[in-house]
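Below are some comments on the model, set out as numbered points for discussion. Please read them with the structure open.

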Amino acid sequence: MRIEATGSIQVFDETIEYEVRRSDDATQPRIDVDIHGVVVVLPTGSDVDPHGLVEENSRWLLKKWRVFQGHRNRAPSRSFEEGEVFPYRGEDLQLAIDDVEQSHVEPGAFVLASNAVDGTSVRSELEALYRREARSLFQSRIDYFAAEMAVEPGKLELRNQRTRWASCSPQKTLSFNWRLVMAPDDVIDYVVVHELAHLREKNHTRNFWSIVGNHVPDYESHVDWLTENSSRLIFTEDDL
Ligand SMILES: [Zn+2]
């Protein structure tokens, strides 16, 4: 989608900025609101006036925009110093740097090896540790649910997409955002089952959700958790 224009609208005491984009895939004009901002998406060739559309929906827009502003404001700011707290599998772990052989996770703490930190930085050593732990946890949950669901996934890739937690390619490669390892285990399991269910059903049809529900009966609460808490699963401001 290409950016065509930008604009802003005053709703009560708030100024809300928006972008206008054209999409070949869109069938109807729509307004997307998320943590990154507001985008008016118009089908290619549509003559709908984007500012008019925003004005017509201004109250709805303000409500959604405030929710996401709240998420943004709750996003943690990091200094990557000892004693700082980082989320891991739904818990807050304290960051420690110690004269140990290898960086590792132990109950209540991320322990980084001081010689590794000296060679790089706290930030990159912590990210490397997160990624190692994420890979091994995701792989073991994929193996577990793949057997239960009788599907055969391809390889696991770790990524850091700003707005996606996971995806499944036509070649059956499963891509997971490593920051998902910050979420509680049952939320991680839901995302794993969601991607594995795509090996049976490509689209989010009723059948798709019934496959998911067979393996994670309370999946709706995990979908909500991710919507409400995505700003807590950030590593640095770049992830916002
Ligand atoms: Zn999906």
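1. In this predicted model, strand E3 shows an alternation of its side chains: Ile31 and Val33 are directed to one face and are buried, whereas Arg30, Asp32 and Asp34 are directed to the other face and are not buried. The strand pairs with E4 in the antiparallel sense, over five bridges, and the two form a hairpin that has two residues between the strands. Within this pairing, aspartate 32, one of the residues of E3 that are not buried, stands opposite valine 39 in E4.

2. The hairpin strands E3 and E4 belong to an open sheet of four strands, ordered E1-E2-E4-E3, in which the pairing is mixed. Strand E1 (2-11) and strand E3 (30-34) are at the edges with a single partner strand each, so that one side of each is left without a neighbour in the sheet. On average, and with direction ignored, neighbouring strands of this sheet are turned by 25 degrees against each other.

3. The parallel component of the same sheet lies between strand E2 (residues 14-23) and strand E4 (residues 37-43), which are joined by six bridges. Serine 23 of the chain is placed opposite proline 43 in E4. Helix H2 (residues 58-74) packs on the sheet and touches E1, E2, E3 and E4, with its direction making about 20 degrees with that of E3.

4. A further position to look at in this region is glycine 7, which is found in strand E1. Is glycine 7 buried or exposed? Its relative accessibility is 19%, and glycine 7 therefore counts as buried, given that the cut-off for this class is under 20%. When its neighbours within four places in sequence are left aside, glycine 7 is in contact with Ile16, Glu17 and Tyr18. The C-alpha atoms of glycine 7 and glutamate 17 are separated by 5.8 Å, although these residues are ten residues apart along the chain.

5. Four strands also form an open sheet in the order E5-E6-E8-E7, and here too the pairing is mixed. Strand E5 (85-88) and strand E7 (104-106) are the edge strands, each of them pairing on one side only. Neighbouring strands of this sheet are turned by 35 degrees against each other on average, again with direction ignored.

6. Within this sheet, strand E6 (residues 91-98) and strand E8 (residues 109-113) run parallel and are joined by five bridges; isoleucine 97 has leucine 112 as its bridge partner in E8. Helix H4 (residues 122-149) lies across E5, E6, E7 and E8, and runs at about 120 degrees to E8.

7. How is the packing of two helices described? The angle between their axes and the distance between the axes are used for this purpose. For H4 and helix H5 (residues 185-197), the axes come within 10 Å and cross at roughly 55 degrees, and the two helices are therefore oblique to each other. The crossing of H4 and H5 is right-handed. On the H4 side the contact is made by Leu137, Phe138, Arg141, Ile142, Phe145, Ala146 and Met149, and on the H5 side by Asp185, Ile188, Asp189, Val192, Val193, Leu196 and Ala197.

8. Which residues coordinate the zinc ion? The donors are the NE2 atoms of His194, His198 and His204, at 2.0 Å, and in sequence the donor residues follow the spacing H-x3-H-x5-H. Histidine 194 has a relative accessible area of 10% and is buried; histidine 198, at 17%, is buried as well. Both values fall in this class because buried means under 20% relative accessible area.

9. Some overall values for the protein chain may help to place these points. The protein chain has seven helices and eleven strands, and its C-alpha trace spans about 65 × 45 × 30 Å along the principal axes. Buried residues make up 44% of the 240 residues in the protein chain. Among the contacts with a separation of 6 or more, 44% are accounted for by residues 24 or more positions apart.

Key:
Residues are numbered from 1 along each chain as its sequence is written. This is a predicted model: local features need pLDDT of at least 70, side-chain atom pairs count only at pLDDT 80 or more; totals for chains, interfaces and linings use all residues. Side-chain values use heavy atoms; hydrogens and water are left out. Two strands pair if DSSP finds at least two bridges between them. Axes are lines fitted to C-alpha atoms, for helices over the stretch in contact, and angles run from 0 to 180 degrees between N-to-C directions. Contact means heavy atoms within 4.5 Å. Donors are N, O and S atoms within 2.8 Å of the metal (3.2 Å for Na, K and Ca); water is not among the atoms, so sites may look incomplete. Buried means under 20% relative accessible area, exposed over 50%, partly exposed in between (1.4 Å probe, protein chains only). Angles under 35 degrees count as roughly parallel, over 145 as roughly antiparallel, 65 to 115 as roughly perpendicular and the rest as oblique. A crossing is left-handed if the near helix is turned anticlockwise from the far one by less than a right angle, and right-handed if clockwise.
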